[in-house]
Amino acid sequence: MKKRVLSFLLVVLAFSFSVVALTGCLSDEEKKVVGKYELTDISVNGFPNITTSTYEYFTIEFKDNKKCQIKSKAGTTVYDAEASWKINGDGEIEVITRSGFATATEIYTYSDDIITGTNESVVDGRTITMTVNFERIVSE
């Protein structure tokens with residue numbers, strides 16, 4: 001009886017470890033995305049003064065736990081948020097940011113260590129389009 005219980009527990013334990021190990025695995029496509037990226041270009045229609053020099057820093061770090069850290073500083077405004085990410089298809093990343101009850105979803109494309117995103121907002125009846133490019137930071 002003790003041997004059967006012990007065998008059962010060992011099987012359950014082994015299964016638990018294999019599930020944990022499998023959920024931590026990334027696809028080859030996801031592995032290509034993991035890393036830290038820095039803003040290299042930004043354009044906002046109607047706001048020519050918003051450029052990369054507006055920001056002291058603006059980075060996105062895609063982590064292997066499917067979380068990403070978005071950090072920026074423009075003047076005295078500091079932004080630091082954690083989001084989740086997933087691959088939607090060939091060359092497309094979905095980034096989901098939650099703050100309280102609000103959720104924002106952004107779609108980025110990636111190719112050759114460059115991530116590009118375009119976001120449209122309507123403010124006072126005017127459509128504002130912002131396009132950003134981020135390039136992978138190569139660690140030395």
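Which residues form one aromatic cluster? Tyr37, Phe62 and Trp85 do. The tour reaches them after a look at the whole chain. Keep in mind that this is a predicted model.

**Stop 1: the whole chain**

Show the protein chain as a cartoon. Count 2 helices and 8 strands. Follow the chain from the N terminus: the elements run α-α-β-β-β-β-β-β-β-β. The chain has 140 residues, and buried ones make up 26% of them.

**Stop 2: the barrel**

Hide the helices and keep the strands. They form a closed barrel of 8 strands, in the order β1-β2-β3-β4-β5-β6-β7-β8, with antiparallel pairing. From one strand to the next, the twist averages 30 degrees.

**Stop 3: from β1 to β4**

Select β1, residues 35–44, and β2, residues 57–62. These two run antiparallel and are joined by 4 bridges. Click on Tyr37 and look across to β2: its bridge partner there is Ile60.

Add β3, residues 67–74. Between β2 and β3, which also run antiparallel, there are 6 bridges. One place to check is Thr59, whose bridge partner in β3 is Lys71.

Now add β4, residues 77–89. β3 and β4 pair in the antiparallel sense over 8 bridges. Lys67 stands opposite Ser84 of β4.

**Stop 4: the aromatic cluster**

Show the side chains of Tyr37, Phe62 and Trp85, which form one aromatic cluster. Across the model, the count of aromatic pairs comes to 4. Start with Tyr37 and Phe62. Their ring centres are 5.8 Å apart and their planes stand at 80 degrees, so this pair is edge-to-face. Tyr37 lies in β1 and Phe62 in β2, so the contact ties together parts that are 25 residues apart in sequence.

Are these two residues buried or exposed? Tyr37 has 2% relative accessibility and counts as buried. Phe62, at 1%, counts as buried too.

Move on from Phe62 to Trp85. Here the centres are 5.6 Å apart and the planes at 85 degrees, so this pair is edge-to-face as well. Phe62 is in β2 and Trp85 in β4, so the pair ties together parts 23 residues apart in sequence. Trp85 has 3% relative accessibility, and it counts as buried because the cut-off for that class is under 20%.

When you look at the rings, set up two readouts. A pair of aromatic rings is described by the distance of the centres and the angle of the planes.

**Stop 5: the largest pocket**

Turn on a surface and find the largest pocket. About 370 Å³ of space lies in it. How many residues line the largest pocket? There are 18. Select Phe58, Glu106, Tyr108, Asn119 and Met130, which lie nearest the pocket's centre.

Colour the lining by strand. β2, β3, β6 (102–111), β7 (114–123) and β8 (126–136) each supply at least two residues. The largest share, 5 residues, comes from β6. Then colour the lining by class: 11 residues are nonpolar, 6 polar and 1 charged.

**Stop 6: two turns**

Go back to the junction of β2 and β3. The two strands form a hairpin with 4 residues between them. Select Lys66 in that loop. Its phi is near 70 degrees, a positive value in a residue other than glycine. At 31% relative accessibility, Lys66 counts as partly exposed.

Next, select Asp124, in the loop between β7 and β8. Asp124 is not a glycine either, yet it has a positive phi of about 50 degrees. How exposed is Asp124? At 82% relative accessibility, it counts as exposed.

**Stop 7: a contact across the sequence**

End at Ile128, in strand β8. Ile128 is buried, with a relative accessible area of 16%. Draw a distance from its C-alpha atom to that of Phe47. The two atoms are separated by 9.1 Å, while the residues are 81 apart along the chain.

Conventions:
Residues are numbered from 1 along each chain as its sequence is written. Side-chain values use heavy atoms; hydrogens and water are left out. Rings of Phe, Tyr and Trp (its six-membered ring) pair if their centres lie within 6.5 Å; planes under 30 degrees apart count as stacked, over 60 as edge-to-face and the rest as tilted. Buried means under 20% relative accessible area, exposed over 50%, partly exposed in between (1.4 Å probe, protein chains only). On a 1 Å grid over the protein atoms alone, a cavity is a set of points where a 1.4 Å probe fits but cannot get out, and a pocket is an open set with protein on both sides within 12 Å along at least five of seven lines; lining residues have an atom within 4 Å of a point. Grid points are joined across faces, edges and corners, and a volume is the space filled by probe spheres set on the points. Ala, Val, Leu, Ile, Met, Phe, Trp, Tyr, Cys and Pro count as nonpolar, Asp, Glu, Lys and Arg as charged, and the others, Gly among them, as polar. Two strands pair if DSSP finds at least two bridges between them. Axes are lines fitted to C-alpha atoms, for helices over the stretch in contact, and angles run from 0 to 180 degrees between N-to-C directions.
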